[in-house]
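Q: Let's go through this model one feature at a time. I'd like the general idea each time, then the case at hand.

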Amino acid sequence: MPALPLDELQLTERDPKTGKLRTLPALCFGFLQHPEIKADRSFVLYRPPPVVRDPASVEEFLERAKFIADDLNWLLALPHDKFWCQVIFDETLQKCLDSYLCYAPRKFDELLDCHPEVDDVQKCLHRSVFLTFLRMSTHKESKDHFITPSVFGEIIYNNFLFDIPKILDLCVLFGKGNGLLLQKMIENIFTQQPSYFSDLDETLPTVLQVFNNILHKCGLQCGGASAEPQKLEEKVNVTPGNMPLQELKDIVLYLCDTCTTLWAFLDVFPMACQTFQKHEFCYRLASFYELAIPELESAIKKRHYEDNSVFADLWRRISHSRKKMIEAFHILINQVCLQPILESSCENIQPFIEEFLQIFTSVLQERRFLRDYDELFPVEDDVSLLQQASSTLDETRTAYILQAVESAWEGVDRKKAQVIKDPTPPAASNGASVIGESTVEDVEELGAAYVSEDECAGAAAAPVVKVSGVELDSLISQVKDLLPDLGEGFILACLEEYSYNAEQVINNILEDKLVPYLDKLDRTMQRQLKPDPTPLVTSRYNVFQNDEFDVFSRDSVDVSRIQKGKRREKDTTRSLLNDKRLIAEQRERYRQYSMIVEEIPVQQGEAQLYKEDYEDEYDDTYDGNQVGANDADSDDELISRRPFTIPQVLRPKGQEEGQEEEEEDEEEEEEEAEKERTKDHFVQDPAVLRERAEARRLAYLTRKGHKHDSSAVVGNVKGHGQNRETVQERRKKEANKSTRANHNRRVMADRKRNKGMIPS
């Protein structure tokens, strides 16, 4: 016979009053309560361990913790049905568990000089509480002992066995070392009762209000849609720098607890990331980080402390808060955007890519947050993942995001993300003792917060460029402001040892964790200025360095190439006329032409060139040609140049005057025509222009073969009748007269005005 679930199981027992048998449900819930089924046991409330080693306080804590541990062990040993009846109906049990969740020390809390026996009892109690919640979140313990899932969801929800604040505390208390079990617990709770998702959605505005409260306490104005306008009469007088020390400690502790709890919950239960993002949690977290963290850090560093352990504890907590906020943001990005991209097909990833780009676009103005996030989780890697997953990625938006990340690093040395843990736990005097199942690991994780201000990266990168000049003076003054009794020489030695990290130097000096050789130095040692080994001449840099006239880089210089004074660019006319060098060169050549030699002395051996025998024979080769007969300088030169004219004396009377007048008229006409051709007409005669234009038009029409005959339009004399051709031409002219002549005056007037012919 199959086993029935606990909510359907019926138990038969004898009534102690009447002695009759009766049947009762194994699990009584709702309004049916049976005191005889629930054991009468009272659970005491939990109190945190004593801060100081007081024997009375230690004894009280040990006694109370042993009572609670024994009661929880008794509860865990109960059968399945009685366990659930006790859990549902015992109010003292729920108050005991709630008190432990509220007051149990977190991993970042401090315990000063804790007693060893207190540690042991606290560990046992811690384990019993976790096992109790683990059994309460399990609806099926075995094949015979289980509860119907739907009924289980109603039981834990209606009886408030679990709620969102309890789940958050469970994550922060038991997440370290029990992550897998805790993840199965919370997933089972949310799966069997989906109403917890709506409760989480209603809880998130309260979580965001926590950030606004911190900003309000610090005198900072929060941004976003939920920001309230500041009243005119309200004056902000309280800032992190001038508030009381105790109030500053409370704010830092409150911030550390909130950030660690949120990170632990998201780390254990990533399915809640979608609900967080519905409230734009990424943008609100980045905005709060940008406003609050720099102000709180500045206030912690600038405040004067009587006890250095207070400064160390505050700095550790604010650094721890920074890291958890960055990691929470990364979990949201990974679960909302990146993880679905890796698990989905190429067709379904576009909404997740758009969500990623939208989130980072909204936080680009938060430069400090963007720089710290990129230091621990490089944005370039996430963008590279998107580029590999999608071929349609908007390169313009991704380039804009990467450029904004690079601009956030301007003026800041970029460090490589590398987590370095300090294996030595902090000293007890500084209050750094953590309890839990993995105490040493927790101390190692949180001890790294002492290393530097940039705890998000853990520590600076190994290779560090040497700092000098104004930047080195700034680092020395930064350390000296907090520790004015130290000498600049000692501070410089510490900076050189710790890679010029001022925060790490301050922390190690306060914690007395300096390396041995620094511990032996005189702390009042002054800084000795080292002479610059590089002379000024060799260290100079300009555009004329190492050229041919640089006397600092070469021993010899060509002096002939040095021009003293203004260089003569061009020769003047006077200088050219006074330059007689060409005449002197030509004089010798022409002097040789003036020497005439009648007889040339012949040297011996040159007889073959000059024959000694002269042959005086007449050469008549050109006797038959009239050489020079028709030359220009012959006696007929006047005849060939001028036409023959009859002298006036020999001309007949009458012919002389007529011919002479005709010749004069022809000459005058030729002269006038020549003058007209060569005359420069500034304004030509319009009549002549019209005649030329008409001649050109007629010539053009003649070439085109067009013959215009206007006689048909003119027709016969009035009263004699007109022929058919004249009537047709007149009708055609009447119909088309608007296209030419003077019938389109407005258009022609506009045309003249546009050409500037008519003043407007």
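Q: Is phenylalanine 288 buried or exposed?

A: Buried means under 20% relative accessible area, exposed means over 50%, and partly exposed is in between (1.4 Å probe, protein chains only). Phenylalanine 288 has a relative accessible area of 2%, so it is buried. Before we go on: this is a predicted model, where local features need pLDDT of at least 70 and side-chain atom pairs count only at pLDDT 80 or more, while totals for chains, interfaces and linings use all residues. Residues are numbered from 1 along each chain as its sequence is written, and side-chain values use heavy atoms, with hydrogens and water left out.

Q: How many aromatic pairs are there?

A: Ring pairs are described by the distance of the centres and the angle of the planes. The cut-offs: Phe, Tyr and Trp rings (the six-membered one for Trp) pair if their centres lie within 6.5 Å, with planes under 30 degrees apart called stacked, over 60 edge-to-face and the rest tilted. The structure has 26 such pairs. In one of them, the rings of phenylalanine 211 and phenylalanine 288 have centres 4.5 Å apart and planes at 20°, so they are stacked. Phenylalanine 211 sits in helix 8 (residues 195-217) and phenylalanine 288 in helix 11, so the pair ties together parts 77 residues apart in sequence. Helices here are DSSP runs (H or I, at least four residues), numbered from the N terminus. Phenylalanine 211 is buried too, at 3% relative accessibility. Both rings belong to one aromatic cluster, whose members include Tyr157, Phe265, Phe211 and Phe288.

Q: Which geometry do phenylalanine 329 and tyrosine 373 show, stacked or edge-to-face?

A: Their ring centres are 5.2 Å apart and their planes are at 80°, so this pair is edge-to-face. It links helix 12, home of phenylalanine 329, to helix 14, home of tyrosine 373, across 44 residues. Phenylalanine 329 is buried at 0% relative accessibility, and tyrosine 373 is buried at 1%.

Q: What does helix 12 look like as a whole?

A: For a helix, the expected span is 1.5 Å times one less than its number of residues. Helix 12 (residues 308-343) has 36 residues and reaches 50 Å from first C-alpha to last, close to the expected 52 Å. There's a bend of about 45° at asparagine 334, taken as the angle between axes fitted to the seven residues ending there and the seven starting there. As for cover, 29 of the 36 residues are buried.

Q: How many salt bridges does the structure hold?

A: The test is a side-chain nitrogen of Lys or Arg within 4 Å of a carboxyl oxygen of Asp or Glu. By that test there are 20. Take arginine 368 and glutamate 297, whose closest N and O atoms are 2.8 Å apart. They join helix 14 (residues 367-376) to helix 11 (residues 281-302), 71 residues apart. Both residues are buried, and they are part of a salt-bridge network with Arg322 and Asp372.

Q: Where in the chain are the partners of aspartate 98 and lysine 166's salt bridge?

A: The closest N and O atoms of aspartate 98 and lysine 166 are 3.2 Å apart. Aspartate 98 is in helix 3 (residues 91-103) and lysine 166 in helix 6 (residues 164-174), 68 residues apart. Aspartate 98 is partly exposed at 27% relative accessible area, whereas lysine 166 is buried at 7%.

Technical notes: Helices (H or I, at least four residues) and strands (E, at least two) are DSSP runs, numbered from the N terminus.
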